[in-house]
Amino acid sequence: MKKYAYVSLKIGKFIGAKSEDHRKIIDDYAQKGYTYVGFIPTDMTDHGKIQTIDLIFEREA
């Protein structure tokens, strides 16, 4: 059976804003035995710009 963890991450306000916050989160969860499997947009503007995502991690329970 798999166990999943979800980490909410706010995307920058400016178009094209560069963020590397996700790299530290992915590295931290890898050290805990999780594998990064993808992301889901959880908050978007009326024009479709993603504002917040959930990073998804999995490991054996």
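This report walks through a predicted model of a protein chain, from its overall layout down to a few residues and pairs.

**The overall layout**

Let's begin with the fold. The protein chain has 1 helix and 3 strands. Starting at the N terminus, the elements come in the order β-α-β-β. Strand β1 covers residues 2–10, and helix α1 takes in residues 21–31. After that come strand β2, at residues 35–44, and strand β3, at residues 50–60.

For a feel of the dimensions, picture a box of roughly 40 × 20 × 10 Å along the principal axes, which the C-alpha atoms of the protein chain fill. The chain has 61 residues, and 23% of them count as buried. Its accessible surface comes to about 4,800 Å², with 54% of that belonging to carbon and sulfur atoms.

How do the contacts spread along the sequence? If you take contacts between residues at least 6 apart in sequence, 57% of them join residues at least 24 apart.

**Two strand residues, and a patch on the surface**

Now for some individual residues. T52 sits in strand β3. Is T52 buried or exposed? Its relative accessibility is 13%, so T52 counts as buried, the cut-off being under 20%. Leaving out residues up to four places away in sequence, T52 touches S8, L9, K10, I11, I40, P41, T42 and D43. Among these partners of T52, S8 falls within the residue range of strand β1, while I40 falls within that of strand β2.

Y6, in strand β1, is another story. With a relative accessibility of 53%, Y6 counts as exposed, because the cut-off for that label is over 50%. V37, which belongs to strand β2, counts as partly exposed at 42% relative accessibility.

Y6 and V37 also turn up together: along with Y4, they form a nonpolar patch on the surface. The accessible area of Y4, Y6 and V37 together is about 320 Å².

V37 has some partners further along the chain, too. Not counting residues up to four places away in sequence, V37 touches I56, F57 and E58. Take I56 as an example: V37 and I56 are 19 residues apart in sequence, yet from C-alpha to C-alpha they are 5.7 Å apart in space.

**Charges and salt bridges**

On to the charged side chains. The protein chain carries 10 positive and 9 negative ones, and the centres of the two sets lie 3 Å apart. Side chains of opposite charge can pair when their charged atoms come close. How many salt bridges does the structure hold? There are 3 salt bridges, listed here.

| Salt bridge | Distance, N to O |
|---|---|
| E58 and K2 | 4.0 Å |
| E60 and K2 | 2.8 Å |
| D28 and K24 | 3.0 Å |

Let's look at K2, which meets E58 in a salt bridge. That pair links distant parts of the chain, with E58 in strand β3 and K2 in strand β1, 56 residues apart. K2 also meets E60 in a salt bridge. E60 lies in strand β3 and K2 in strand β1, so this pair ties together parts that are 58 residues apart in sequence. As for how open K2 is, its relative accessible area is 38%, which makes K2 partly exposed.

The pair of D28 and K24 belongs to helix α1. What separates D28 and K24 in the helix? They are 4 residues apart, so about one helical turn lies between them. D28 is partly exposed, with a relative accessible area of 28%, whereas K24 is exposed, at 55%. Back with the strands, salt bridges that share partners join K2, E58 and E60 into one network.

**A look at Q31**

One last stop is Q31, a residue of helix α1. Q31 has a relative accessibility of 71%, so Q31 counts as exposed. Where does T45 lie relative to Q31? The two are 14 residues apart in sequence and 34 Å apart in space, taken from C-alpha to C-alpha.

Definitions and conventions
Residues numbered from 1 in each chain as written. Predicted model: local features only at pLDDT ≥ 70, side-chain atom pairs only at ≥ 80, totals over all residues. Heavy atoms only, no water. Buried < 20%, exposed > 50% of the residue type's maximum accessible area, 1.4 Å probe, protein only. Contact = heavy atoms within 4.5 Å. Areas by Shrake-Rupley, 256 points an atom, 1.4 Å probe, with all protein chains shown as cover. Lys, Arg positive; Asp, Glu negative; His and termini not counted. Charge placed at Lys NZ, Arg CZ, Asp CG, Glu CD. Patch = residues over 30% accessible without salt bridge, like charges linked within 9 Å, V, L, I, M, F, W, Y side chains within 5 Å. Salt bridge = Lys/Arg side-chain N within 4 Å of Asp/Glu carboxyl O.
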